[in-house]
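Student: Could you take me through one part of this model up close? I'd like to look at the place where the chains meet.

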Amino acid sequence: MYKTLLNILLALFFVLSIQGKSIATENTTEKDPEHTEEQNDSHAEKKKFNPGDFIFDHIKDGYGWHLFTYNGHHVSIPLPIILYSKNKGFVVFWSSKLAHGHEHIGFKIAHEGDYKDKIIEVDSHGEFVARPFDISITKNVTAILFSCFFMIFVFMSVANSYKKREGLPPKGLQSLLEPLILFIRDDIAKSSIGEKHYEKYTPFLLTIFFFILLNNLLGLVPLFPGGANVTGNITVTMALALFTFFITNITGNKTYWSHIFNTPGVPWWLKIPIPLIPFIELFGVLIKPFVLMVRLFANISAGHIIVLGFFSLIFIFGNMSTELGFAVSPVSILFTIFMSVLEILVAFIQAYVFTILSAIYFGMASEEGH
Amino acid sequence: MELIKPDLGLLIWMLVSFSVVLYVLIRFAWRPILAALKQRERSISKSLLSAQRAREEMAKIEFGNEKITQLAIIEKDNLLKEAKEIKNNIIEEAREKAKIEAKKIIQEARQSVEQEKNQVINEIKNQIAALSVDIAEKILKQKLGEESKQKQLIDELIKDIDLN
């Protein structure tokens, strides 16, 4: 009961804060033409509400952390930009220097072309020179670092309480996380990998499960530490899938490789002279992490897109007439709340799916020949 | 389509930070947590096992107790029976002995009575003999007072004696 209430509150919060942000942006377009001149923000400049840009702005990574827009001013947390270019070497500065399309020591954010919304190096005429090597602490990097520290803090304190309360029943945070830990150990690791090898993989499975779950949930919270679309970013899911890929193939035993190159139970002419089955199997090795990557990315992004899409309805109708906007908003908010609650479910499911698929791959890699 | 284009900078950050988290959590969180969970499970199963064993032991002891009581009862019965037998034997024996003794005493009494009687009879016999001699003497004295009579007697006696 308490939990559902919390979820609904969370969803409401999410909805309201996005609403506040966008309404403010909309007001700008109507009231302050002189402010919009300096802004290169997509919705401000076009004067018309563009749901596509609105949605993608919220899903994409960014150089600064946009909090809200107040009276035509974007309030963002500046984040460090770290660049390396052949001409200038290593350069570090705050993202606020590049806000509103400003140029800083020959760097600016591109508005179009191959590197749209990325930092490019320009010459004195503002012409494109090169894309620097960019390891800026972007919005997603900040969110990743935050969740890393959060996880280290939480799980080390839980580990501590395990040490302190040895032989005693779990308490507090420990008892909240213990069922999840046991679930991953027993129902994911042990059942997919097998009694003999599961202990080697359990720590990794626990880490990815909690990392994905935490970031999925943080992605639903619109306030500062949350709101970044980490697990709906293909780069992040790619990194996670790469970990699974390398662990699977590094720990793969003789049986695993012989299943790939010399699949048992297959007629010989499918292997020699044209290695058709080995080719398919090898392709499968690469497909598996690719599927992991795409599934997580697509599920989380799609969820966000739908939530924001429902939300955009208010402004699409609002652009037609204010009354229509007001009329649509309750329905739209209801849908958004529903989707947000669904997203909480999806957050758990996707973390579970990624973990169990990884476990199944590890199980294949460590299976003994029969 | 920026959405599906991986970004190198973010990838580097993600790989580095996730590796660090993975290392730190494995080293300082998962290992102690999993070890503690395993330890607890082991101790729980151990205590369950020992409880089971204790229960079995208890049952065994209870069974033993019952057996011992039964044995004790049998033993007691046996002892009582034996004691009764011994008692009976002793009484029987005593009775037997008493009988023999009584018989002996009676016999002895009888013998002594017999002896007494014989003695008394002998004495009486002797007295009677003495008395008869006395009486005979007296009679003779009276009868043989006169001479004729003495002669007559002598004659008679001589007649009785056979001279051969």
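Tutor: Here is a walk through the contact between the two chains, helix packing included. This is a predicted model, so to speak of local features we need pLDDT of at least 70, and side-chain atom pairs count only at pLDDT 80 or more, while totals for chains, interfaces and linings use all residues. Residues are numbered from 1 along each chain as its sequence is written, chains are lettered from A and ligands numbered from 1 in the order in which they are written, and side-chain values use heavy atoms, with hydrogens and water left out.

On to the interface: 54 residues of chain A are in contact with 33 residues of chain B, contact being heavy atoms within 4.5 Å. Together the chains bury about 3900 Å², with 78% of that on carbon and sulfur atoms; buried area is the accessible area (1.4 Å probe) that two parts lose on being put together, summed over both.

There are five salt bridges between chain A and chain B, each a side-chain nitrogen of Lys or Arg within 4 Å of a carboxyl oxygen of Asp or Glu. One salt bridge joins the side chains of B:Asp7 and A:Lys118, at 3.0 Å from N to O.

Which elements of chain A give two or more residues to the side that touches chain B? They are α4 (51-59), β8 (133-134), α5 (139-164), α6 (173-193), α7 (198-220) and α8 (234-251), where helices (H or I, at least four residues) and strands (E, at least two) are DSSP runs, numbered from the N terminus. α5(A) gives the most, with 13 residues. By class, that side of chain A has 35 nonpolar, seven polar and 12 charged residues; Ala, Val, Leu, Ile, Met, Phe, Trp, Tyr, Cys and Pro count as nonpolar, Asp, Glu, Lys and Arg as charged, and the others, Gly among them, as polar.

Now zoom in on α6(A), which packs against helix α1 (residues 8-143) of chain B at an angle of about 85°, with the axes 12 Å apart. Axes are lines fitted to C-alpha atoms, for helices over the stretch in contact, and angles run from 0 to 180 degrees between N-to-C directions. α6(A) and α1(B) are therefore roughly perpendicular, the word for 65 to 115 degrees (under 35 is roughly parallel, over 145 roughly antiparallel, the rest oblique). From α6(A) come A:Glu178, A:Ile181, A:Leu182 and A:Arg185, and they meet α1(B) residues including B:Trp30, B:Ile33, B:Leu34 and B:Glu41. This contact has six nonpolar, no polar and five charged residues.
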